[in-house]
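This report introduces a protein model to a reader who has not met it before. The sequence and structure come first, and the description follows.

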Amino acid sequence: MTMSEYPRFMDVDVDKDITGRITPRDGPVTVRNPHIESLPEDVLYHLDLSDKANDLPAMFGDVKFVCFGGSPNRMKKFAEFMVNEIKYKIPAGLQLMNISHGSDRYVLYKVGPVLSVSHGMGIPSLSIVFHEVLKLLYHANCTDVKMFRLGTSGGLGLEPGTVVITDAAVDGLLRPYMEVATLGMVLQHPAFLDKELCEEILEIANQNEGYNSVIGKTMCTYDFYEGQARLDGAFCDFTAEDKMAFLKRIHDRGVKNIEMESLCFAAMAHRAAVKSAIICCTIVDRLKSDQITATHDTLEEWQMRPQKIIAQYIRKQMGLD
Ligand code: R2B
Ligand code: URA
C-alpha cells in the first residue's frame, strides 16, 4: 500500500464531519492499521505482552476505563486507590501486580474494568505506550472503552490546585494538531476532544468543595523549560518581559494550562475514535512563578484531585453511586 492510499483506508470505519472531526464512539476498539492482522505475532514490547504469548482476551477483555498518568508510582497508587473506590475483591492469596514488570519502561495495573498505566514524560514516551495499549485493547476484543489522562500542569491565572479539563489541546504555536514526521513528510493529526465528556466530568468535579475546576484550552510543549517560557532552565535567550508577553498572549487566547502530553493523547484517541478526556491539576501559576515550590504533601493532595474526580466518574458509570 502506498502512502497516498493510507488516508482512504483509514477513513473507512469512522464518522467524520466536514471539519475532519471524527465522532468518538462506543463499540469495539479498533486499530486502523491493515498490517496488524498479517503479523505472525504482535509483540507489545514496552508492555512485555504479546497476542500469542498471552491470552489477552482473558486477561483484559473486560477493560472499560484506561487511566494514564506520567509517574509509575502515582499510577501504582491510583490502582491501589481504585481497589477501594470500586470495591474490587482481590482474590485470596493474590495482590495487585505490575503486569508489565518485565519491561521496566511503564507500569500497567488492572483493577477490574480499570487499567492504570504510566506514560512517562513528553509526547514520544506517551506515543509508544498509547500505540501498545490501543493494540492490547484491540487484541483483547474490548468494547466501549474510555481513556483518561490524569496529570499535572502549570496554570495560567489560576490558583494552584485548580483542576483543568481540556476541551482543546494545542501545540506551542497554538495549533490544534500534532505533527509527526512520517516517511519524510510532516503529517498533522488533529487533537479534538469530546466536549460532552468534558462537561460530564466538570459536573462531577464541581461536586468537590475546596478547589475550583474549569474547562479550557491546554498548551502542550516539547520541553518543560524554554518550551514553557521558563527563565530558570540551563539555557535561556529571552527576557522576563518577552516571557510575560508570551504567557499573557496565550492566556488571552484561552490557554488555561501548559503540560507535555495532551496534544498526543488527544490526537491518538481522536484517530482511534475512542472517547477520552484530559484532567490535570495545576501546581503553579505561571503568571506568577516558574518554580514549583509547593510542599510534597500539598503536591500529593493536588495530584489526587484528578484521580478522585475520575474515580467518581467510574463509580457512577459502574452504577456504584
Ligand atoms: C506535566 O508534568 C511533567 C513535567 O514535570 C510532564 O509530564 C507534564 O505533562
Ligand atoms: N508540568 C508541566 O509540564 N509544566 C508545569 O509548569 C508543571 C507541570
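## The two ligands and selected residues

The strands β6, β11 (255-259) and β12 each contribute at least two residues to the shell around ligand 2. Helices (H or I, at least four residues) and strands (E, at least two) are DSSP runs, numbered from the N terminus. Strand β6 gives the largest share of this shell, three residues.

The model is a predicted one, in which local features need pLDDT of at least 70, side-chain atom pairs count only at pLDDT 80 or more, and totals for chains, interfaces and linings use all residues. Residues are numbered from 1 along each chain as its sequence is written, chains are lettered from A and ligands numbered from 1 in the order in which they are written, and side-chain values use heavy atoms, with hydrogens and water left out.

### Ligand 2

The residues surrounding ligand 2 are Thr152, Ser153, Gly154, Phe224, Gln228, Arg230, Ile258, Glu259, Met260, Ile283, Val284 and Ile292; a residue belongs to such surroundings if one of its heavy atoms lies within 4 Å of the molecule. Polar pairs of the two ligands are set out in the table below, where a polar contact is a pair of N or O atoms within 3.5 Å; within protein, one atom must be able to donate a hydrogen and the other to accept it, and residues adjacent in sequence count only if both atoms are side-chain atoms.

| Ligand atom | Protein partner | Distance |
|---|---|---|
| Ligand 2, oxygen | Gly154, backbone N or O | 3.4 Å |
| Ligand 2, nitrogen | Gln228, side-chain N or O | 2.8 Å |
| Ligand 2, oxygen | Arg230, polar side-chain atom | 2.6 Å |
| Ligand 1, oxygen | Arg149, side-chain N or O | 3.3 Å |
| Ligand 1, oxygen | Met260, polar backbone atom | 2.8 Å |
| Ligand 1, oxygen | Glu261, polar side-chain atom | 2.5 Å |

An oxygen atom of ligand 2 thus lies 2.6 Å from a polar side-chain atom of Arg230. Ligand 2 exposes 240 Å² when taken alone, and the protein buries 93% of that area. Accessible areas come from the Shrake-Rupley method with a 1.4 Å probe; for residues, only the protein chains shown count as cover.

Ligand 2 sits in the second largest pocket. On a 1 Å grid over the protein atoms alone, a pocket is an open set of points with protein on both sides within 12 Å along at least five of seven lines. A molecule sits in a pocket if more than half of its atoms lie within 2 Å of its grid points.

### Ligand 1

Ligand 1 has Met121, Arg149, Thr152, Phe224, Glu259, Met260 and Glu261 around it. One of its oxygen atoms is 2.5 Å from a polar side-chain atom of Glu261. On its own, ligand 1 has 260 Å² of accessible area, of which the protein covers 79%. The space that ligand 1 takes is the second largest pocket.

### Two residues with positive phi

Most residues other than glycine have a negative phi. Asp144, which is not a glycine, has a positive phi of about 55°. Asp144 is placed in the loop between α4 and β6 (146-155) and counts as partly exposed because its relative accessibility is 35%; buried means under 20% relative accessible area, exposed over 50%, and partly exposed in between (1.4 Å probe, protein chains only).

Ala273 also has a positive phi, near 60°. The loop between α7 (262-271) and β12 (275-285) holds Ala273, which counts as buried because its relative accessibility is 2%.

### Three further buried residues

His139 belongs to helix α4 (residues 123-139). With a relative accessible area of 14%, His139 is buried. Apart from its neighbours within four places in sequence, His139 is in contact (heavy atoms within 4.5 Å) with Ile36, Asp42, Asp51, Leu56 and Pro57.

Ser50 is part of strand β2 (residues 49-50) and is buried, its relative accessible area being 4%. Residues up to four places away in sequence aside, Ser50 touches Glu41, Asp42, Val43, Leu44 and Leu56. A polar contact of 2.5 Å joins the side chains of Ser50 and Glu41.

Asp194 is in the loop between β9 (185-190) and α5 (195-205), and counts as buried at 13% relative accessibility. Its side chain reaches the backbone nitrogen of Glu196 at 3.2 Å. Not counting residues up to four places away in sequence, Asp194 touches Pro24, Lys275 and Ser276.

Key. 1 Å grid on protein atoms, 1.4 Å probe; cavity = no way out; pocket = protein on both sides within 12 Å on 5 of 7 lines; lining within 4 Å.
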